Amino acid sequence: MNPLIERIIYGFYVSDLGEILIAQTDIGVCWLGFVLDGQKRSDAVAHFKHKFPKASLLQNDTVAENLGRRVVRAWQAGRESAIDVDLRGTDFQVEVWRALRDIGRGYICSYSEVADMVMRPDAVRAVGSAIAANTVSIIVPCHRVVQKSGQLGNYAWGAILKEKLLLEEGVPRALIC
């Protein structure tokens with residue numbers, strides 16, 4: 001293999017949250033997505049592969065299961081920030097994703113509050129776009145961002161999973177519209 005071609009190991013982990021497709025580089029986790037209900041694994045892999053077109057992708061479900069178990073345990077303990085990540089995006093996106101990692105378990109923020117966190121109060125829509133581009137769900141806890149009204153808003157893995165994550169984190173149901 002060409003040493004200049006990046007190697008990414010990926011695979012599946014079935015958790016209490018659902019089936020997870022997880023991937024890592026030598027730097028850290030670069031992808032954590034859920035296999036949606038009714039979605040074929042091959043479609044989830046195609047979506048993942050589209051984000052890393054020049055990488056050498058190696059499937060290893062044993063590695064993925066161990067990594068997935070470690071990530072879910074860290075998330076359950078509110079220590080997902082201890083998981084190394086390989087964040088790939090624009091400088092602005094990475095800044096937003098780092099801000100999301102500061103939102104503690106059991107807390108929610110609005111998109112405008114995240115815009116304030118990154119010192120860009122006028123960039124609420126851009127913050128929303130950056131959040132939508134997050135490729136490491138639960139480690140970069142984009143599910144903790146809701147609309148100012150309390151509505152859940154969009155979530156790549158579906159509103160039902162977003163609500164489940166927030167409830168498991170202890171967010172009172174009354175705060176989740």
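Colleague: Leaving aside its neighbours within four places in sequence, which residues is L100 in contact with?

Modeller: Contact means heavy atoms within 4.5 Å. Here L100 is in contact with V114, I131, V140, P141, C142 and V145. This is a predicted model, where local features need pLDDT of at least 70 and side-chain atom pairs count only at pLDDT 80 or more, while totals for chains, interfaces and linings use all residues. Residues are numbered from 1 along each chain as its sequence is written, and side-chain values use heavy atoms, leaving out hydrogens and water.

Colleague: Which members of the largest nonpolar core touch the most other members?

Modeller: Such a core joins buried Ala, Val, Leu, Ile, Met, Phe, Trp, Tyr and Cys residues through side-chain atoms within 4.5 Å. Buried means under 20% relative accessible area, exposed over 50%, partly exposed in between (1.4 Å probe, protein chains only). Of the 54 residues in this core, the answer is F34, V71, V96, L100 and I138.

Colleague: Where do the buried residues of helix α5 lie?

Modeller: An α-helix has 3.6 residues a turn, so residues three or four places apart point the same way. In α5 (residues 124-132; helices are DSSP runs of H or I, at least four residues, and strands of E, at least two, numbered from the N terminus), V127, A130 and I131 are buried. They fall within an arc of 100 degrees seen down the axis, so they line one face. The face turned away carries exposed R125, S129 and A132. Cover for the buried residues includes α3 (91-100), α4 (111-117) and β6 (145-146).

Colleague: Why is strand β1 largely enclosed?

Modeller: Seven of its nine residues (7-15) are buried, so the rest of the structure largely encloses β1.

How values were computed
Arc of directions from axis to C-beta.
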